[in-house]
Structure formats: structure tokens, C-alpha cells
Amino acid sequence: MIGRGSAVLAAAILAGSSVLLVRPAAAAPPGPGQQQQQEKRPVAEGYGGAVATVDLDASKAALGVLRRGGNAIDAAVAAAATLGVTEPYSAGLAGGGYIVYYDARHRRVHTIDGRETAPKAMRPTSLEGIPFDDAVTSGLSAGVPGSVAQWELALRRFGTLSLGEALKPAIEVASRGFTVDQTFYDQTASNAARFKDLTSTAKLYLPGGAPPAVGSTFRNPELADTYRQLGRRGGSWLYGGRLGAEIVATVKRPPVTPGSTRTVRPGLMELSDLAAYRAVERAPTRVTYEDNDVYGMPPASSGGSTVGEALNILQALPRVGVHEYLEASKLAFADRGKYVGDIPGVPLRQLLSEGFAKERACLVGERAIPAPAAPGDPDGSYGPCRAVPPESQKPTPAEGPETTHLVVADRWGNVVAYNITIESTGGNGIVVPGRGFLLNNELTDFTFGPAPGDPNLPGPGKRPRSSMAPTIVLKNGEPLLAVGSPGGSTIITTVLQILVNRWDFGMTLPQALAAPRATQRNTAQTQAEQGFIDRYGPELTARGHSLVLNPEIGAATGLEFLGGGRVQAVAEPVRRGGGSALVVSGHR
Ligand code: DON
């Protein structure tokens, strides 16, 4: 266990242990020559703007925009649209996402909610009784896409480029093609059984009946054309126009391959649902951890509230170690499940209050709290410790590793943390014929029910509860960190663990991202990567935790502002094939 103020000692302990996965080269700042080459590397340090994504093409798209004088929002939209080409199973124009944005001129943090919505015809019972996998590959799971409205709002409010200009790098990559890597191949192969059952998807992603080979060039001219037209016609082409009508037709009559025995249920989406969609600016969540102001995404994301509550609980404890990290996360997830969703009256202020955190923190002892732990009572009246009996056992929710997170900073000091997703790897598996993009299955993030009182049941126009947690940290009003991850509900624990690694365990940001992870989401077992089990298993088991292997948790990206205009951009060194960090200039 590591006490507060022992950061140096912690760093020394960790540096000598096997938990660090950082490649030695990663810590060295790039020379100007190396930077020019723009090779795929997980860490870059420098000036004038920085980006980190999971993908070199997407990072280059953002860097190009920054170099041509665009700002962080312009570059983030360009990178997200490029990820729609090169990471099409995680991101795309028919998905949704959340942007947390630091506006340097006004020194304010904003958020833009581009979460998908349920169609007006959706009811709390609409998903009841449907096997999860069947719901995923269906028209029913497709939410009204949010990304395009979000891009337009972000560019209009904070950007300098038009949508058409911001889409140019993505159009270029879709037209000229990108090199298929192992991750793309594996994701296609793991989806092949359902892709082949949908004519438009098989045509695009199983050319010749098989996934494109590693090392081959993959082009998507139909997506290039869709982006081109979107740039020219604007978002109304989707939100009520011809492209929208094609999406609705695809959702209502999925193009099932003749002879396939797969049941692909039709969806409820109408053109009027698309016309009614709005991206929304919302006030960020904020908690203060030590001297750091941590800003995140408010409901219907549970990202900001759950990361924030867990940090508050940790802050109320005398010591912070891995046991405390898991316990704080367990308790915060108990409250997330009961209180957070797209409903009126989420007790956000209380969930993020010091009083509530103290009441929750006093449940943390030497031994692990039996899970699932019961939710607390964020009623504004907090007293001495209340023992709460554990809840009855529920299955651990299934979570894939998909979705993606990117970070961008520009020369003016603006910062973006941006999660974009189509939910499962490959979304609902249905490509809109002739348009080159997959639909999302975000509505499977709703609770299927029956679950009386659950805040996350489906409903007309509702946004499914998300765990996406793009996070920006300010210190004394200046950006200090930006961080986020994919991974469904493990996003929350990954962001929390990176912050704890950085602040309480004395790691650098590259070390904090690379270190082995564990995720405790109020379930009987804590999932953990092998390196974490090796390092902490005996200590945690002795304290009543049960660890089970999860081979890979999250593929995060982050930025650290080092002072004097110097920025460190960080991507994964290993997970998901490693990411790409780039800076505008290695020198001032
Ligand atoms: O919004 C969410 O929390 C998820 N739909 C994000 C998707 C994701 O990370 C993939 N994993 N299930």
C-alpha cells in the first residue's frame, strides 16, 4: 500500500518491479528528423500542438490540420472522421461520442454530447427477452447517429474549418487506401460470421469472401464519396435528407444475405427521429483531487460522475493503494447503477459531493467489501458510517474492447478529449448499401429489462447510459492532463487507474498508460491483466479480492502539459497494436 506523499518512493518501487511495460525508447523525446518521419510511436514531446490516437493515419490527419493553422477542434474532427475509415469497427459517421473541450481564450471547459438517441417509438420493453447477440446484429439496436451533428456543432462553436474542409483528410485516406494491419484483420475475421450474412457488409469488408490480408491496401471509395457529399450538403443530408432516408430504409429492412438463417430484427427508426436529433452542449462534471480540477462528461454518460465519485472516495481515505483503488471503484459503480441514466433528477451534485464520498469511504476497510455492494444514499444528509448489506449476485456485464479515444492540443492551448464509438466491434454489423459505413448498435447499452426503477431502461428519444469518460484536468486554471480510453464500462476504471497511477503511484503519464490494469465494477470478481495479477495478486487475494484474467483492458490516449508550452502526447505502447502520438514540432 502506498501512502500519500510517498510518490517518489512509489516511483522507485514501481521502476524496480515488473509492472512497467514502457519500451525504453518511448521515454526519449523525438529528434526533429524522427518527428518528420511521422512513424507510429507511442510517445512524442514538443511544441505547437500534439495529438494521440490509436492509429497513425488518424494522428497524421490531425497533425496536418494543426500544421495548416487549424485548431484542436478542427483537428479532432479530422482525426475522428479518419478513424471512421481506418478503424471503422470502432468509429464512424453513424456513431456517437462525447467531446470535452478546454477553450484557452475563455479558460473554460465545455462538453459536446453527440450520443445517439432512441427512436420515438422505443419503449422500456422494446429490448425485453431478446438475446443480447441478436439485439446487437439488428436494426433495433441502431441509435439515431450523433457524430455528424456533433462535428457540425463543435466546428461552428469552437472550430475554424467547415465540415467539408475537416473531412478532407479522411476523404484522402478513404480514396487512396490504408494498409491493413493485424488489428484490422483480426477485427474483420472475428466479425466474418455475421458480416457474411449481410450483403452490403460482406461486399465491403469480405472482398472475395474473406477478410482483407494483412499488408494489403484497403480502399473505401463509397465512404470517400459519402464524406464528400456530406461536406457539400451538410448534416441535413443525414438529419432528414436522402442519406437519412437510406439509413432508415437499411434499419427497417436489413440487407440479409439470401439463404442466411440469421434473424436480423428490423428497427424502429423513422426519418422524423433523424430530423429531431440534436447534439447538445452540457456543463461538465468537476471534482477536485488534491489540487487538480478534473472535468468529465455528465449524464447520460456515467463517465464523469463515476470517475469523479471514485476520486472523491479515494481522497477521503488516509492511504491510496491498489486495494483502495478497487474499493472506490466498486462503490462508485454501485451508485452509477442505481442513479445514473438519461432521466430527470440524477442526483449529480450529491454523487460528486465530499459529504457523500466520506460516507461511502468509511465502508472501505482492510478487507474487500463483498460485491455487489449496495448503492449509497446521496440525499444530502451524511453521517457516520452506515453498514449496507451486499446486493444479490448479478452476472458481470459483457464488455468489448472497442470504441476509441483521441486527444488533441493546439498552439493556442486549446485541448480536446474525444471518445467516439459505434458500440460493439463492427457496430450492428450493417453497412448502409453503397455508402461505405456501418451503423451503430448503441441502443444495446440500455438495460434490456424487466428492471423496474432502473434509470437506464429504453424510452423514446432517450440516450443510453454511457461509460465514456473523456477527461481534462486543470491545475490553477491551466491544462495539466487530458486522458480517455475505449472499453465499455472499463473506460471508467481505466481513466481512474491512469489518474491514480499518475498522482498516487508516482508514475509518468507513459508509465501510467502502459502499466497493467484491473477493473472492479461492483462484481464479485475483479478482472485484471496478467501483469497486474502477477504484481498484486497475492496481496489482494489475502485481502478478499478475487482476480480473474482479462487479457487486455482499454487502449488509452493522453496528453500532459509539461510547462513552457511543452506537451507530451501519449498512446498505448502495446495494447491494440499500439497507438500513435505526434507533435507539431520537437522544438520551440
Ligand atoms: O458508451 C459506452 O459506454 C459504450 N457504448 C462504449 C463502447 C465501448 O467502449 C465498446 N465496449 N463495449
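Helices and strands here are DSSP runs, numbered from the N terminus. The model is a predicted one.

Start at the ligand. How many residues surround the ligand? The count is 15, and the closest are Thr403, Glu423, Glu442, Asp445 and Gly488. By class, this shell holds two nonpolar, seven polar and six charged residues. Several polar atoms face ligand oxygens. A polar side-chain atom of Arg115 sits 2.9 Å from one oxygen atom of the ligand. The backbone contributes too. A polar backbone atom of Gly488 lies 2.5 Å from a ligand oxygen, and one of Gly487 lies 3.2 Å from a ligand oxygen. On its own, the ligand has 340 Å² of accessible area, and the protein covers 97% of that.

Now turn to the open spaces. The second largest pocket contains about 320 Å³ of space. Its lining is made of 21 residues. Nearest the centre of this pocket are Gly413, Glu478, Pro479, Phe561 and Gly565. Which elements give two or more residues to this lining? They are strands E1 (43-53), E9 (404-410), E12 (478-484), E16 (557-563) and E17 (566-571). The lining of the second largest pocket is a mixture of nine nonpolar, seven polar and five charged residues.

Next come the enclosed spaces. The structure has four cavities of 30 Å³ or more. The largest cavity offers about 60 Å³ of space. It is lined by 10 residues, with Gln497, Asn501, Met507, Pro516 and Tyr536 nearest its centre. Two helices, H17 (490-503) and H19 (530-542), each give at least two residues to this lining. What classes of residue line the largest cavity? Eight are nonpolar, two are polar and none is charged.

Some single residues deserve a look. Take Glu327, in helix H14 (residues 322-339). Is Glu327 buried or exposed? Its relative accessible area is 0%, under the 20% cut-off, so Glu327 is buried. The side chain of Glu327 has a partner in the backbone: the nitrogen of Ile369, at 2.7 Å.

Val180 sits in a loop, between strand E4 (178-179) and helix H8 (182-195). Val180 has a relative accessibility of 2%, so it counts as buried. Pro212 is 32 residues away from Val180 along the chain, yet their C-alpha atoms are separated by 7.1 Å.

Asp379 is also a loop residue, placed between helix H16 (354-361) and E9. Why does Asp379 count as partly exposed? Its relative accessible area is 42%, and partly exposed is the class between the 20% and 50% cut-offs. The side chain of Asp379 reaches the backbone nitrogen of Ser381 at 3.0 Å. Gly355 lies 24 residues from Asp379 along the chain, and 9.9 Å separates the two C-alpha atoms.

The loop between H16 and E9 also holds Pro372. The peptide bond that leads from Ala371 into Pro372 is cis, with omega near 5°. Another cis peptide bond runs from Pro299 to Ala300, where omega is near 15°. Ala300 belongs to the loop between strand E8 (292-296) and helix H13 (303-315).

Finish with the backbone angles of two residues. Asn476 has a phi near 50°, a positive value in a residue other than glycine. Where is Asn476 placed? It lies in the loop between strand E11 (471-475) and E12. E12 is one of the strands that help line the second largest pocket. Arg576 likewise is a residue other than glycine with a positive phi, near 50°. Its loop runs between E17 and strand E18 (580-585). E17 is another element that gives residues to the lining of that pocket.

Are these two residues buried or exposed? Asn476 has 68% relative accessibility, over the 50% cut-off, and therefore counts as exposed. Arg576 stands at 10%, under the 20% cut-off, and therefore counts as buried.

Terms used: Residues numbered from 1 in each chain as written. Predicted model: local features only at pLDDT ≥ 70, side-chain atom pairs only at ≥ 80, totals over all residues. Heavy atoms only, no water. Near = heavy atom within 4 Å. Polar contact = N/O pair within 3.5 Å; in protein donor to acceptor, adjacent residues only side chain to side chain. Areas by Shrake-Rupley, 256 points an atom, 1.4 Å probe, with all protein chains shown as cover. Nonpolar A, V, L, I, M, F, W, Y, C, P; charged D, E, K, R; others polar. 1 Å grid on protein atoms, 1.4 Å probe; cavity = no way out; pocket = protein on both sides within 12 Å on 5 of 7 lines; lining within 4 Å. Points joined across faces, edges and corners; volume = space filled by probe spheres on them. Helix = DSSP H or I, 4+ residues; strand = E, 2+ residues; numbered from the N terminus. Buried < 20%, exposed > 50% of the residue type's maximum accessible area, 1.4 Å probe, protein only.
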